[in-house]
Amino acid sequence: QNQSGADRKLDLVGIHAHGWPNGIELFDLPSFVGLDVGQFRHTGAGRLTKAMRGVLHQIGTNIRPGGDFLLSSCAVAAGGIGGDNFFNACVEEMPHLRIEGARRSSTFNGYTYNKDTGVVGMRGSSERLVHLPNCG
């Protein structure tokens, strides 16, 4: 909450984890913002489960429209726009956010921020996809 007592949403969520087209791996942490991170483990099914999509949706409800969701994880956007991948599942569950994710194995060197435009981005060696938010 902010000083006036109103709920304040996040501007940015960045997740740095091992990744592949079907999901991300956050190791054996007991929880992540009160959510079971085990739900993001690779199942080999090629599709995210309803539970996984529910977690993504819940994360998205805590980020302001037009905010940033950065996936510093390898290959989460493999297959590109319309592909069966974690990046597109994030876009489907959080269309109001700017989402950025790598198309292949990557090295990430941190984040950048342009104070004039407010655009946040990832530094690294990989080709990335960026979804621009639908805030209308």
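**Fold, sheet and nonpolar core of the predicted model**

The accessible surface of the protein comes to about 7500 Å², and 52% of this area belongs to carbon and sulfur atoms (areas by the Shrake-Rupley method with a 1.4 Å probe; for residues, only the protein chains shown count as cover). The model is predicted, and local features therefore need pLDDT of at least 70, side-chain atom pairs count only at pLDDT 80 or more, and totals for chains, interfaces and linings use all residues. Residues are numbered from 1 along each chain as its sequence is written, and side-chain values use heavy atoms, with hydrogens and water left out.

The protein contains 2 helices and 8 strands (DSSP runs numbered from the N terminus, helices being H or I of at least four residues and strands E of at least two), which follow the pattern β-β-β-α-β-α-β-β-β-β along the sequence. Of the 136 residues, 41% are buried (under 20% relative accessible area, with exposed over 50% and partly exposed in between, for a 1.4 Å probe and protein chains only). Among contacts (heavy atoms within 4.5 Å) between residues at least 6 apart in sequence, 63% join residues at least 24 apart.

An open sheet of mixed pairing is formed by 4 strands in the order 1-4-5-8, where two strands pair if DSSP finds at least two bridges between them. Strand 1 and strand 8 (128-131) stand at the edges with a single partner strand each, so that one side of each is left without a neighbour in the sheet. Neighbouring strands of this sheet are turned by 10 degrees against each other on average, direction ignored (axes are lines fitted to C-alpha atoms, for helices over the stretch in contact, and angles run from 0 to 180 degrees between N-to-C directions). Strand 5 and strand 8 run antiparallel and are joined by 4 bridges, and Gly101 stands opposite Leu129 in strand 8. Helix 2 packs on the sheet, where it touches strand 4, strand 5 and strand 8, and its direction makes about 175 degrees with that of strand 5.

The largest nonpolar core (buried Ala, Val, Leu, Ile, Met, Phe, Trp, Tyr and Cys residues joined through side-chain atoms within 4.5 Å) has 21 residues, of which Phe69, Phe86, Cys90, Met94 and Ile99 touch the most other members. Two or more residues each come from strand 1 (10-16), helix 1 (50-61), strand 4 (63-72) and helix 2, with helix 2 giving the most, 5 residues. Residues up to four places away in sequence not being counted, Met94 touches Leu56, Ile59, Gly60, Phe69 and Ile99.

His96, in the loop between helix 2 (86-93) and strand 5 (98-102), counts as buried because its relative accessibility is 18%. The side chain of His96 reaches the backbone oxygen of Gly60 at 3.0 Å.

Definitions and conventions:
A polar contact is a pair of N or O atoms within 3.5 Å; within protein, one must be able to donate a hydrogen and the other to accept it, and residues adjacent in sequence count only if both atoms are side-chain atoms.
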